[in-house]
Amino acid sequence: MDSQGRVLIVDDEASVVRALTRALRHEGFAIEEAASAEAALEFIESLGTGTLDVVLSDIHMPGRSGVQLLEAMRRRDPDLPVILMTAVPAIDTAVKAVEHGALRYLTKPVELPALVEALTYAVRLRKMAGLKREAAALLGRESTDLDARNALDASLTRAFDAVWMAYQPIASLDRRCVYAYEALVRSREPSLSNPLALIDAATRLGRLNDLGRVVRRAVGTLALEHQGPELFFINLHPNDLLDPDLYRIDSPLGLCAPRVVLEVTERMSLEGIPDLKNRVSSLRRMGFRLAVDDLGAGYAGLSSLAWIEPEVLKLDMSLVRDIHTEATKQRLAGSMLKLARDMGILAVAEGVETAAERDMLASLGADLIQGYLVARPSPTLDTPRWDTA
Ligand code: G
Ligand code: MN
């Protein structure tokens, strides 16, 4: 006889699993059991697609919680319905459950009629999702928007797991030393190996904060290990300013804040950041310094200067390129360098590729330079090539 649907029960309490299994088998469901979120994921991984109809999971379990199980599963199978159960309902877990697409949120002890009703509904949804996919295939629309989004989400998860940081020296011409290393995000995931594509994908999927956290953890960990006078520059997305994780003094990056300069780009508006001034002063109180990046590539005019009052300014490479032959760029860069000096702000010239550009910048008063001429971004903390620089 056809079952009512195949249910995976996930609960660390053996007596609960036993009781649910007995009752639901009696109602005609086929039952699988897992004693933890990890065991459930393993079981799902070992299945082909389409052989499980619904997951019924406890929330509070040793190891991963039911909400974390839901989150991990969403990446693998976007339309496998999940019903969560808890003995201690709380607003924040309910909110998270809904965010990650839990179908229902039931309070224990669960009453059998309500459970059967929820499971029956879930099984129907699951069947409908399968039918929609078949119809799409039949009509020659094999990939729906949702499929594309899920594929991108899966790539992005792989890309986060494969993130590595490249470091590029910022060199002092006068002192012939490395002043700092700028950390630049890279990923080994082939479909998102371009950092702009990576950031774009994270933006579209609402996972920018996850990316920022991965980057900050990587740089913070390296900076904690690295013994040396060099500072670390790290790029912030305006969105990172909204992430509470950035303000944690016990995070790896927070722990070495006095050796870290946070770059905020001029390319993106800071208009959507409420309380910007307070956020910036919190960061300063933690010991961070701030830089305005890509100056002259401007979106934000000079407003980010006023909001952030940076310790460091980075002249965009578009101003640097061929500066030795372009009088306008010389005048602009020269004035910016002078103004920065008058304001007590350090200036870095970015993207210096040739000795001619470097010499012109030096004659305009630049000390700190960054670019392929000196060193390319690299997984190791390299020393600059002074023969060319
Ligand atoms: O926006 P931001 O300044 O953080 O971007 C720096 C980017 O510029 C990095 O991706 C880095 O690899 C690249 N870069 C660094 N030095 C040079 C250079 O000399 N020339 C060019 N074309 N790109 C550079
Ligand atoms: Mn930068």
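**Note on the predicted model**

1. Aspartate 153 sits in helix α6, which spans residues 145-161. The model is a predicted one. The relative accessibility of aspartate 153 is 17%, and the residue counts as buried, the cut-off for buried being under 20%. Apart from neighbours within four places in sequence, aspartate 153 is in contact with Arg75, Leu205 and Arg207. Arginine 204 is 51 residues from aspartate 153 along the chain, and the two C-alpha atoms are 9.6 Å apart.

2. The surroundings of ligand 1 comprise 16 residues, of which Gln168, Glu182, Glu350, Glu353 and Tyr372 come nearest. By type, the shell consists of seven charged, five nonpolar and four polar residues. Two strands, β7 (177-187) and β10 (289-295), each contribute at least two residues to this shell. The most comes from β7, which gives three residues.

3. Three side chains may be checked for their distances to oxygen atoms of ligand 1. For glutamate 182, a polar side-chain atom is 3.0 Å from a ligand oxygen. For aspartate 294, the corresponding distance from a polar side-chain atom to an oxygen atom of ligand 1 is 3.1 Å. For asparagine 235, an N or O atom of the side chain lies 3.2 Å from an oxygen atom of the ligand. On its own, ligand 1 has 530 Å² of accessible area, and the protein covers 76% of that.

4. Aspartate 294 also has a protein partner. Its side chain and that of threonine 265 are joined by a polar contact of 2.6 Å. Threonine 265 belongs to strand β9 (residues 260-265) and is buried, at a relative accessible area of 10%. The side chain of threonine 265 additionally reaches the backbone nitrogen of arginine 267, at 2.9 Å. With neighbours within four places in sequence set aside, the contacts of threonine 265 are with Asp293 and Asp294. Aspartate 294 thus appears twice in this note: in a polar contact with threonine 265, and with a polar side-chain atom 3.1 Å from an oxygen of ligand 1.

5. Which residues of helix α14 are buried? In this helix, residues 355-363, they are Glu357, Arg358 and Leu361. Viewed down the axis of α14, these buried residues fall within an arc of 100°, and therefore they line one face of the helix. In an α-helix there are 3.6 residues a turn, so residues three or four places apart point the same way. The buried residues of α14 pack against two helices, α12 (317-320) and α13 (327-343), and two strands, β12 (346-349) and β13 (368-369). Following α14 is glycine 365, with a positive phi near 105°.

6. Serine 251 is located in the loop between β8 (231-236) and α9 (252-255). Its relative accessibility is 11%, and serine 251 counts as buried. The side chain has backbone partners in two residues. A polar atom of the serine 251 side chain is 3.0 Å from the backbone oxygen of arginine 248, and the side chain reaches the backbone nitrogen of glycine 254, also at 3.0 Å. Valine 185 is 66 residues from serine 251 along the chain, and their C-alpha atoms are separated by 19 Å.

7. Two aspartates have positive phi values and deserve a look in the backbone geometry. Phi of aspartate 275 is near 65°, which is positive in a residue other than glycine. This residue lies in the loop between β9 and α10 (276-286) and is exposed, with a relative accessible area of 51%. Phi of aspartate 322 is near 60°, again positive in a residue other than glycine. Aspartate 322 is in the loop between α12 and α13, and at 34% relative accessibility counts as partly exposed.

8. The model contains a cis peptide bond from lysine 108 to proline 109, with omega near -5°. Proline 109 is placed in the loop between β5 (104-107) and α5 (112-138).

Technical notes:
Residues are numbered from 1 along each chain as its sequence is written. Chains are lettered from A and ligands numbered from 1 in the order in which they are written. This is a predicted model: local features need pLDDT of at least 70, side-chain atom pairs count only at pLDDT 80 or more; totals for chains, interfaces and linings use all residues. Side-chain values use heavy atoms; hydrogens and water are left out. A residue is near a molecule or strand if one of its heavy atoms lies within 4 Å of it. A polar contact is a pair of N or O atoms within 3.5 Å; within protein, one must be able to donate a hydrogen and the other to accept it, and residues adjacent in sequence count only if both atoms are side-chain atoms. Accessible areas come from the Shrake-Rupley method with a 1.4 Å probe; for residues, only the protein chains shown count as cover. Helices (H or I, at least four residues) and strands (E, at least two) are DSSP runs, numbered from the N terminus. Ala, Val, Leu, Ile, Met, Phe, Trp, Tyr, Cys and Pro count as nonpolar, Asp, Glu, Lys and Arg as charged, and the others, Gly among them, as polar. Buried means under 20% relative accessible area, exposed over 50%, partly exposed in between (1.4 Å probe, protein chains only). The arc is that of the directions from the helix axis to the C-beta atoms. Contact means heavy atoms within 4.5 Å.
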